[in-house]
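Reader: Could you take me on a close look at one part of this model and then show me how it sits in the rest of the chain? I would enjoy a connected account that I can follow residue by residue.

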Amino acid sequence: MSEFANTGTIAAIATAVVPQQGSVGIVRVSGSQAMTIAQTLFHTPGRQIWETHRIVYGYIRHPQTQQLIDEALLLIMKAPRSYTREDVVEFHCHGGIMAVQQVLQLCLEQGARLAQPGEFTLRAFLNGRLDLTQAESIADLVGARSPQAAQTALAGLQGKLAHPIRQLRANCLDILAEIEARIDFEEDLPLLDDKAIISEIEKIAAEITSLLATKDKGELLRAGLKVAIVGRPNVGKSSLLNAWSQSDRAIVTDLPGTTRDVVESQLVVGGIPVQVLDTAGIRETIDQVEKIGVERSRRAASAADLVLLTIDASDGWTQGDQEIYEQVHHRPLILVINKIDLVETKTITYLKYPNIINQVVTTAASQNQGIDTLETAILEIVQSGKVQAADMDLAINQRQAAALTQAKISLKQVQTTITEQLPLDFWTIDLRGAIQALGEITGEEVTESILERIFSRFCIGK
């Protein structure tokens, strides 16, 4: 590739660099000159053996001035037993900024070049260490925001997505071989069974459909669920956020209109990352600051995956609640009846609200009551499919979904071609299209633009 050429020796800082934080900082070097650079910069006291998959202790010094840069460890991984299948060395320095930046600069001065984003993983792919689904799973694992997202990424890294894709592609190749054999040796072979070919294609298409069903869940795990708490002023929205997040993120008072802006908290519910937005109370107001907050609340509700419409149990369903409901009812919605500790049970039983609302929970946020019930209701909506959901062991991304969709379209066209009894040559055209689309997912068929799109979203050093 032009920008990501698999040549030369590359170096990058492989850990997050935070001023005055972190005990260890790592500079990673990969390529034919990695060992030479390490031997030039790293000095080991005593008779330590420089062997693959060993860690040696010593000092990093400037090669000309011999100035001491850092006391460090050196990890050695010789090809092909490394992440990139090239010689790889890692300088494990003290954390912070200065040590790793100075070591990286010395590596560049010795002939390495700064790695592009994702170039270490790209080299792992180009050298056969990973396929594209595994490479994308590494990026997902690094960016995982919940244990479930991490587990799904690990499943992809272990090949749980690549295996079924390869099998589907192999099945298509078998069909193609049968067809091409008839084209080349028509007189020597029996006629093709059209119905059997169509049946096999239908099975492949059905498996592709099953894989496509995991796309929404994949987006949910990667991006998380955005939940907006909305309602009139002083119904307990901020108390609900504080009780749910077990923190005092939002200001709670008896005065209506306390929250003037959207307050955000990050939670994990049932393995799903959840971004909870506590919004300003929605009402008509002449206060210009509050008016801005109300407008932001409306926008947050419109953009949310799920709305928690919160009302005050002691007030019942008011005209103000109805007006808010009419603004947000187009989104998946849970009615939260809050402050139940202030009313009798029969009051809640006879409380009137629109019959179309079928997800209702009761809470006493100030008493930390009802949070478990709320989380259960959220997961029920997720599993029902109203909010993105699917099987939790496998999840495809948008790129993979696009390729699978193209493969399915091509297979459908093959069935049409067979049904219309067109010549065998026409059968192979769309079948090859399906094979190419499936190959793009794992990397058997790949273009420079695909690789650039995938690896450009990686961090430098990975």
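Author: Let's start with Asp140, which lies in helix α4 of this predicted model. Is Asp140 buried or exposed? Its relative accessibility is 15%, and since buried means under 20%, Asp140 counts as buried. Leaving aside neighbours within four places in sequence, Asp140 is in contact with Ala153, Arg222 and Arg457.

Now for the helix around Asp140. Helix α4 covers residues 132–142, and its axis comes within 10 Å of the axis of helix α16, residues 448–455. The two axes cross at roughly 20°. Angles under 35 degrees count as roughly parallel, and α4 and α16 are therefore roughly parallel to each other. Which residues meet between them? From α4 come Leu132, Ala135 and Glu136, and from α16 come Ile450, Leu451, Ile454 and Phe455. Sorted by class, this contact has 6 nonpolar residues, 1 charged residue and no polar ones. Here a general point about helices may help: with 3.6 residues a turn in an α-helix, residues three or four places apart point the same way.

Both α4 and α16 also turn up in the surroundings of helix α3. Helix α3 spans residues 119–126, and 7 of its 8 residues are buried, so α3 is largely enclosed by the rest of the structure. The buried residues are Glu119, Phe120, Thr121, Leu122, Arg123, Ala124 and Phe125. What do they pack against? Their partners are the strands β1 (10–13), β2 (24–30) and β7 (113–114), together with the helices α4, α15 and α16. Just after α3 comes Gly128, with a positive phi of about 80°.

Following α15 from there takes us to the largest nonpolar core. Helix α15 (424–442) supplies at least two residues of this core, and so does each of α6 (162–184), α7 (194–212) and α14 (398–419). The core has 30 residues, and those that touch the most other members are Ile208, Leu404, Leu411, Leu431 and Leu438. Take Leu438 as an example: not counting residues up to four places away in sequence, Leu438 touches Ile165, Leu168, Arg169, Cys172, Ile208, Leu404 and Ala407. Apart from this core lies another one, of 27 residues, with Met35, Phe42, Phe91 and Cys93 among them. In soluble globular proteins, nonpolar side chains tend to be buried together.

Cys93 brings up the cysteines. Why is Cys93 in no disulfide? The closest cysteine sulfur, in Cys107, is 8.6 Å from the sulfur of Cys93, too far for a bond, because a disulfide needs the sulfur atoms within 2.5 Å. Cys107 is likewise in no disulfide, its nearest cysteine sulfur being that of Cys93. The count of disulfides comes to 0. Cys93 counts as buried at 3% relative accessibility, and Cys107 is buried as well, with a relative accessible area of 0%.

A few places in the backbone may also interest you. Most residues other than glycine have a negative phi, and most peptide bonds are trans. His53, in the loop between β3 (42–43) and β4 (54–61), has a positive phi near 60°. His53 is partly exposed, with a relative accessible area of 40%. Gln421 also has a positive phi, of about 60°, although it is not a glycine. Gln421 is found in the loop between α14 and α15, and at 67% relative accessibility it counts as exposed. As for peptide bonds, the one from Ala79 to Pro80 is cis, with omega near 0°. Pro80 has its place in the loop between β5 (68–77) and β6 (88–94).

One more helix, α11 (residues 319–328), contains Val328. Val328 is buried, with a relative accessible area of 4%. Its C-alpha atom is separated by 6.8 Å from that of Ser302, although the two residues are 26 apart along the chain.

Finally, here is the setting for all these details. The chain has 16 helices and 13 strands, and buried residues make up 48% of its 462 residues. Among contacts between residues at least 6 apart in sequence, 69% join residues at least 24 apart.

Technical notes
Residues are numbered from 1 along each chain as its sequence is written. This is a predicted model: local features need pLDDT of at least 70, side-chain atom pairs count only at pLDDT 80 or more; totals for chains, interfaces and linings use all residues. Side-chain values use heavy atoms; hydrogens and water are left out. Axes are lines fitted to C-alpha atoms, for helices over the stretch in contact, and angles run from 0 to 180 degrees between N-to-C directions. Helices (H or I, at least four residues) and strands (E, at least two) are DSSP runs, numbered from the N terminus. Angles under 35 degrees count as roughly parallel, over 145 as roughly antiparallel, 65 to 115 as roughly perpendicular and the rest as oblique. Contact means heavy atoms within 4.5 Å. Ala, Val, Leu, Ile, Met, Phe, Trp, Tyr, Cys and Pro count as nonpolar, Asp, Glu, Lys and Arg as charged, and the others, Gly among them, as polar. A nonpolar core is a set of buried Ala, Val, Leu, Ile, Met, Phe, Trp, Tyr and Cys residues joined through side-chain atoms within 4.5 Å. Buried means under 20% relative accessible area, exposed over 50%, partly exposed in between (1.4 Å probe, protein chains only).
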